[in-house]
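Thanks, everyone. Have the model up on your screens. I'll go through pockets, cores and a few single residues.

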Amino acid sequence: MSMKTAVIIGAGPGIGLHTAEQFAKNGYQVALLARNADRLMDYEKQLAKKGYKAKRFEVDTRSEEDLKLVIDQIYDTFGSIDAVVYNAIAATPGRPTTLSSADVIRDFEVNVLGALMSARFAAPLMNTGSILLTGGGLALYPSADYASLAIGKAALRNLAYSLHEELADSSIYVGTLTIKGFVQEGTYFAPERIAEALYDMHVQQTEVERMYGEDHA
């Protein structure tokens, strides 16, 4: 039996890498997607040293053409796509009246449109499985100092509900993990714990949104 495949989009040193390892230790081969080629190579080596099968794919999620090409390459390489975790983020700091249109549009392309395109390109290649979006508490409790990211997280949450409704009659589950706190090692919000929650959502495939915060521990 061939291994199942998890696609981690936005494979950074925190949630992304830990989520990749969480899926890998549960028997998945992992595709690592990000813009930074050097970091991707390092993550691929880290996972390989632990005996996991992982392959890196450099991509800018703002490019619709490149993202489709890479997702098709992943399917051709691994033979399946069984889980997609969208973890890419762009966060230009600034209050609403200080942000330029270009700042907000650029962040929105990464935070929301990249997730939409990832789902659009991956879903037709999936027989079953899940599409998971890493959300944030800013979607519920905006902060003026992080206005662009708050806009993006609110839209991402909306997108998760829309995708969940659209794909409800298929075998593809869509969910979002709303992280109501700052990711920090050694705390309840440690990236490895968040990765465990994402994997549990993939396994359970029940709620469209799970609130991840101290009051839900």
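What lines the largest pocket? Its lining divides into 20 nonpolar, 12 polar and eight charged residues. Keep in mind that this is a predicted model. The largest pocket holds about 1100 Å³ of space. Its lining has 40 residues, and the closest to the pocket centre are N87, A88, I89, A90 and K153.

Which elements build that wall? Helix α1, residues 15-24, supplies at least two lining residues, and so does strand β2, residues 28-34. The list goes on with α2 (37-49), α4 (101-122), β5 (129-136) and α5 (147-166), again with at least two residues each.

Now the cavity. How many cavities of 30 Å³ or more does the structure hold? One. The largest cavity has about 30 Å³ of space. Its lining is V7, I9, I71, I74, I81, V84 and A122. By class, that lining is seven nonpolar, no polar and no charged residues. Two elements, β1 and α3, each give at least two residues to the cavity lining. For the pocket, recall, the lining includes 12 polar and eight charged residues.

On to the packing. The largest nonpolar core counts 34 residues. Which have the most contacts inside it? V7, L33, I74, V84 and I131. Two or more core residues come from each of β1 (4-9), β2, α3 (64-78), β4 (83-86), α4, β5, α5 and β6 (172-179). Helix α4 gives the most, seven residues. There is some overlap to look at on screen. V7, I74 and V84 are on the core's most-contacts list, and V7, I74 and V84 also line the largest cavity.

Take I131 in more detail. Skip its neighbours within four places in sequence. What remains in contact with I131 is V84, A119, M126, L167, I172, Y173, V174 and G175. Apart from this core there is another, of 30 residues, with A6, A11, V30 and L47 among them.

Now three single residues. Start with T92. Where does T92 sit? In the loop between β4 and α4. Is T92 buried or exposed? T92 has a relative accessible area of 18%, and the cut-off for buried is under 20%, so T92 counts as buried. The T92 side chain makes a polar contact of 3.4 Å with the side chain of R106. Beyond four places in sequence, T92 touches L99, D103, R106, D107 and S148. So R106 turns up both in that contact list and in the polar pair.

Next, E192. This residue lies in helix α6, residues 191-204. Why is E192 called partly exposed? Because its relative accessibility is 32%, and partly exposed covers what falls between under 20% and over 50%. With neighbours within four places left out, E192 is in contact with H18 and E185. How far is E192 from I15? In sequence, 177 residues; in space, 6.9 Å, C-alpha to C-alpha.

Last one, D38, in helix α2. D38 has a relative accessible area of 63%, and exposed means over 50%, so D38 counts as exposed. Compare the spacing with K68. D38 and K68 are 30 residues apart in sequence and 22 Å apart in space, C-alpha to C-alpha.

To recap, the three residues are T92, buried, E192, partly exposed, and D38, exposed. Over to you for questions.

Note on methods. Residues are numbered from 1 along each chain as its sequence is written. This is a predicted model: local features need pLDDT of at least 70, side-chain atom pairs count only at pLDDT 80 or more; totals for chains, interfaces and linings use all residues. Side-chain values use heavy atoms; hydrogens and water are left out. On a 1 Å grid over the protein atoms alone, a cavity is a set of points where a 1.4 Å probe fits but cannot get out, and a pocket is an open set with protein on both sides within 12 Å along at least five of seven lines; lining residues have an atom within 4 Å of a point. Grid points are joined across faces, edges and corners, and a volume is the space filled by probe spheres set on the points. Helices (H or I, at least four residues) and strands (E, at least two) are DSSP runs, numbered from the N terminus. Ala, Val, Leu, Ile, Met, Phe, Trp, Tyr, Cys and Pro count as nonpolar, Asp, Glu, Lys and Arg as charged, and the others, Gly among them, as polar. A nonpolar core is a set of buried Ala, Val, Leu, Ile, Met, Phe, Trp, Tyr and Cys residues joined through side-chain atoms within 4.5 Å. Buried means under 20% relative accessible area, exposed over 50%, partly exposed in between (1.4 Å probe, protein chains only). Contact means heavy atoms within 4.5 Å. A polar contact is a pair of N or O atoms within 3.5 Å; within protein, one must be able to donate a hydrogen and the other to accept it, and residues adjacent in sequence count only if both atoms are side-chain atoms.
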